[in-house]
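Here's a quick tour of a few spots worth a look. Pull up the structure and follow along.

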Amino acid sequence: ILLACSFISPLMDSLVGNLQDRGSLFRRCFPLAVWGRRAPWLLTHTLFLAPLMWAFFIPPSYEREVLHGWFLAIWLIGYWCIAASTNAFEAARVEIYPFKEERVKVEVYCKLTCGAGAGVGAGASFMCLTSPHKPVFVLASLIGFFAVLSSLAAVDVLREARRPAAENQYGRQGFRSTLQNPIVLRMLVLRALQGIYETIMPALQLYYFTFVFALPKQKRLILFVISAALIALVELGSAPTWARLFSRSTKLMLYVPLVMRLVEACAAPLLLLIVQDIKLFVVYVVVWRLCNSSYSFWRIAACGWICDHAGGEREGLLLGVFTMVNNLGRAVTSAVAVLGLGWAGLVTNNCLGSEGSEHVQCEREKIYMQPESVQVYLKTMVGVVAPLVELAICGLTYEFPIKPGSQVLAEICKKQAEVHAARQHDEAQVEVLGCQTVSAAQKAPSPKQNLGMNNAALIGRVVSAEPGGEPGVEFCAPAVPAERSQ
């Protein structure tokens, strides 16, 4: 069931993005001029997702047939709600924060809140696994219920995304034309490869501990928890540093992740295939996450540039298609990685029915009865296949058409500068006329102001060249006067 759902559910990402772009589904209850296209989706689907947390932990029956059907329904409905909420947030982020500097800084908060959410979800699941009793299930469902409802705080922010809806008739044509864009195709390949790469290590790490290092159940669980904690610490701890660095330099945002990932890809075979030491493997896992932690900032900026360049009012469709291919890559890799263990000769042995010394002996036999081909398969996947995929990602990233010095990025920067100048002109006219209605300058602080950002921060701006020269692009953010930013 899980395997089938993992292939079906990614199709929802592009569908929900298309529906959001059209803005027609909730138009009667939530006027576009007030709510925009994204906020109604986050509001309604969050309210629908929260009760599903209760339904997930407390099924109506524990009979096998009922549990299978219940799990299938909860998974599909829950994924639809998550896809709708995620796409609404991502598309609104591109629209509300149009400049690279803003998007980079917002990504820090996204990493922190996603880390907190992952910790809450992992904690609730761990409670249920260690103490599978109904009071614990009720407590876990309440934790999940209120954690999901906390995302309603973002609804007011998403209401600022009020770009006009896309035309209703563009569905198939828009999808086809989107896929025919060479820049979009390049990003689709990158997102698919990234989904493959990000799945190999998490899917096989526990098997690696078990069959390569021959660790018993308790030791591998402890090491797995330690590795997860170190990964979270590295990911969240490095995010503010990357944000400060990349908000100042677009070149560094491209080349720092590339260099770090190239170093990690070249070091992986040496650390995993030549030396077999459990402590060194844990160190490698931490280094692996550190070298990959900065790449998401470039990815967020690049996807935003594509929306600025080719999206128009179709940010939801573009971002939904990107998420779809990423999740399909994850699904295919997860299936192949686990099925590959069987192809490599993995011998399964169910030890749940044994107790005491028999259980210990059964667990020991399950580890040492495996053929050597299982170890070879695990080392090859983690130490050879994953680095090769990462090298392909680095090559495609370096050759990506939108990058510092490119004409495409110069055009995007010029367009953003013109839009910002128009906004400043409109706001100045409102102030001069002494409009008594609530204007943009009289509103409560916008999300950009709450972030303490510079509203005029630009990815780059076209600068005039010397006489007889060609125009260039300066990748810096012009400052806003103090009285304006206040």
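Is C307 buried or exposed? C307 counts as buried, since its relative accessibility is 3%. Keep in mind that this is a predicted model.

## Cysteines

So what about sulfur pairing? Searching the whole structure turns up 0 disulfides. C110 is one cysteine that takes part in none: its nearest cysteine sulfur belongs to C114 and sits 6.1 Å away. A disulfide needs the two sulfur atoms within 2.5 Å.

C307 tells a similar story, with its closest cysteine sulfur in C303, at 7.0 Å, which is too far for a bond. As for surroundings, C110 is buried, with a relative accessible area of 11%, and C307 counts as buried at 3%.

## T397 in its helix

Now over to T397, which has its place in helix α17, spanning residues 372-398. T397 is buried, with a relative accessible area of just 2%.

Which residues does T397 touch, leaving aside its neighbours within four places in sequence? The contacts are L190, L254, L258, Y295 and W298.

## A214 and its phi

Last stop: A214, found in the loop that links α10 (182-212) and α11 (217-248). Its backbone is the thing to check, as phi of A214 is near 55 degrees, a positive value in a residue other than glycine. Most residues other than glycine have a negative phi.

A214 isn't tucked away like the residues above: at 24% relative accessibility, A214 counts as partly exposed.

Key
Residues are numbered from 1 along each chain as its sequence is written. This is a predicted model: local features need pLDDT of at least 70, side-chain atom pairs count only at pLDDT 80 or more; totals for chains, interfaces and linings use all residues. Side-chain values use heavy atoms; hydrogens and water are left out. Helices (H or I, at least four residues) and strands (E, at least two) are DSSP runs, numbered from the N terminus. Buried means under 20% relative accessible area, exposed over 50%, partly exposed in between (1.4 Å probe, protein chains only). Contact means heavy atoms within 4.5 Å.
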